[in-house]
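Me: I'm new to this structure and would like a close look at one part of it. Could you take me through the stretch around the second and third helices, and then show me how it sits within the rest of the chain?

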Amino acid sequence: MTTNRRNHYRLLHVQPDAPPEVIKAAYRALIATRHPDVGGDEDQAALLNDAYAVLSDPAKRAGYDARRGARTSARARDAHAASAPRATPPATPPAPPPATPPAHACPMCRLGLPVSRGRDTGGDTRCARCRAPLARVRAAGPAGTPTDRRGIPRVSKSDWAIMYVDWQADAIDVRMRDLSLDGISVYSGLELPPNGVVRIVGQSFDVVAVVVGCRRLDAVFTVHARLVSALFAEATGGFVSATA
């Protein structure tokens with residue numbers, strides 16, 4: 001029998017720190033519409049049952065959280081190790097890591113992009129390989145403009161998002177701290193090195209950013225990053241370019 005490797009918390013639509021009563025209520029609400037007896041899908045119902053069986057048992061949940069945290073940390077370490085610059089001969093000093101990804105490549109997976117009509121993206125808004133946003137963020141003025149600021153979606157510290165430290169890595173849950181014209185800040189359980197490229201996706205935005213700072217705050221880290229490319233949600237539910 002194949003092991004269910006899906007995220008139990010996402011299957012039940014709850015946060016990783018949800019209390020038992022919230023998990024129980026979410027499970028009951030979902031299984032009421034997914035159960036085969038009411039016309040639901042048998043496979044989906046099985047996944048929900050598996051998730052609830054783990055998260056409703058304190059010992060099983062603790063073991064699951066430990067394994068999940070270990071997998072996330074291992075993937076992040078492997079991703080940063082794979083992207084680290086190779087050692088150069090002693091006679092040639094190593095070049096510093098780039099502060100900004102190449103202009104004619106996807107800022108997340110580095111896939112080369114066509115250049116036409118003077119546009120870096122060739123008219124596309126997302127990378128064909130990793131689906132990261134391609135619209136480059138223009139540097140804001142000293143004080144920004146009211147029009148620009150109205151284009152930035154509002155976020156609160158209770159909002160959650162997901163973060164990718166590599167385009168092939170699994171998502172990491174993060175809590176929002178701030179989003180501005182050219183930067184983003186989140187609370188993360190993972191410490192990130194400076195100059196690392198991350199993608200952060202929220203309900204109303206999708207951005208790629210370069211880490212400029214990471215500081216420990218109690219049991220978590222505050223991560224600050226400079227936006228490289230971004231798409232923001234319109235009131236109609238679609239997305240608009242950060243440079244539109």
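Reply: Here is a walk through that helix pair, followed by a few other spots along the chain.

Keep in mind that this is a predicted model. For orientation, the chain has five helices and seven strands, and in sequence order the pattern runs α-α-α-α-α-β-β-β-β-β-β-β.

Now for the pair you asked about. Helix α2 covers residues 20–34 and helix α3 covers residues 42–55, and their axes come within 10 Å of each other, crossing at roughly 165°. An angle over 145 degrees counts as roughly antiparallel, so that is the label for α2 and α3. The crossing itself is left-handed. Want to see who meets whom? On the α2 side look for Ile23, Lys24, Tyr27, Leu30, Ile31 and Arg34; they meet Ala45, Leu48, Asn49, Tyr52 and Leu55 of α3.

Just ahead of this pair is Val14, in the loop between α1 (8–11) and α2. Val14 has a relative accessible area of 10%, so it counts as buried. Setting aside residues up to four places away in sequence, Val14 touches Tyr9, Val22, Ile23 and Ala26. Ile23 is a name you have met already, as one of the α2 residues facing α3. As for Ala26, it sits twelve residues along the chain from Val14, with 7.3 Å between their C-alpha atoms.

Tyr9 leads us onward, since Arg68 is in contact with it too. Arg68 belongs to helix α4, which spans residues 58–83. With a relative accessible area of 19%, where buried means under 20%, Arg68 is buried. Beyond its neighbours within four places in sequence, Arg68 also contacts Asn7, Pro16 and Asp173.

After α4 comes a loop that leads to α5 (146–150), and Arg110 lies in it. Arg131 is in the loop between α4 and α5 as well. What is unusual about their backbones? Most residues other than glycine have a negative phi. Arg110, though not a glycine, has a positive phi of about 65°, and Arg131, also not a glycine, has a positive phi of about 70°. Both are partly exposed: Arg110 has 41% relative accessibility, and Arg131 has a relative accessible area of 45%.

How many disulfides does the structure hold? Zero. Cys127 is in none, and the nearest cysteine sulfur, that of Cys109, is 3.6 Å away. A disulfide needs the two sulfur atoms within 2.5 Å, so this pair does not qualify. Cys127 is buried, at 0% relative accessibility.

Over among the strands, have a look at Glu191, in the loop between β3 (183–188) and β4 (197–201). Glu191 has 52% relative accessibility, so it counts as exposed. Glu191 still has partners: leaving out residues up to four places away in sequence, it touches Cys214 and Phe221. Gly213 is 22 residues from Glu191 in sequence, and their C-alpha atoms are 9.9 Å apart.

Stepping back to the chain as a whole, 36% of its 244 residues count as buried. Of the contacts between residues at least 6 apart in sequence, 53% join residues at least 24 apart. The accessible surface comes to about 14,300 Å², and carbon and sulfur atoms account for 53% of that.

Technical notes
Residues are numbered from 1 along each chain as its sequence is written. This is a predicted model: local features need pLDDT of at least 70, side-chain atom pairs count only at pLDDT 80 or more; totals for chains, interfaces and linings use all residues. Side-chain values use heavy atoms; hydrogens and water are left out. Helices (H or I, at least four residues) and strands (E, at least two) are DSSP runs, numbered from the N terminus. Buried means under 20% relative accessible area, exposed over 50%, partly exposed in between (1.4 Å probe, protein chains only). Contact means heavy atoms within 4.5 Å. Accessible areas come from the Shrake-Rupley method with a 1.4 Å probe; for residues, only the protein chains shown count as cover. Axes are lines fitted to C-alpha atoms, for helices over the stretch in contact, and angles run from 0 to 180 degrees between N-to-C directions. Angles under 35 degrees count as roughly parallel, over 145 as roughly antiparallel, 65 to 115 as roughly perpendicular and the rest as oblique. A crossing is left-handed if the near helix is turned anticlockwise from the far one by less than a right angle, and right-handed if clockwise.
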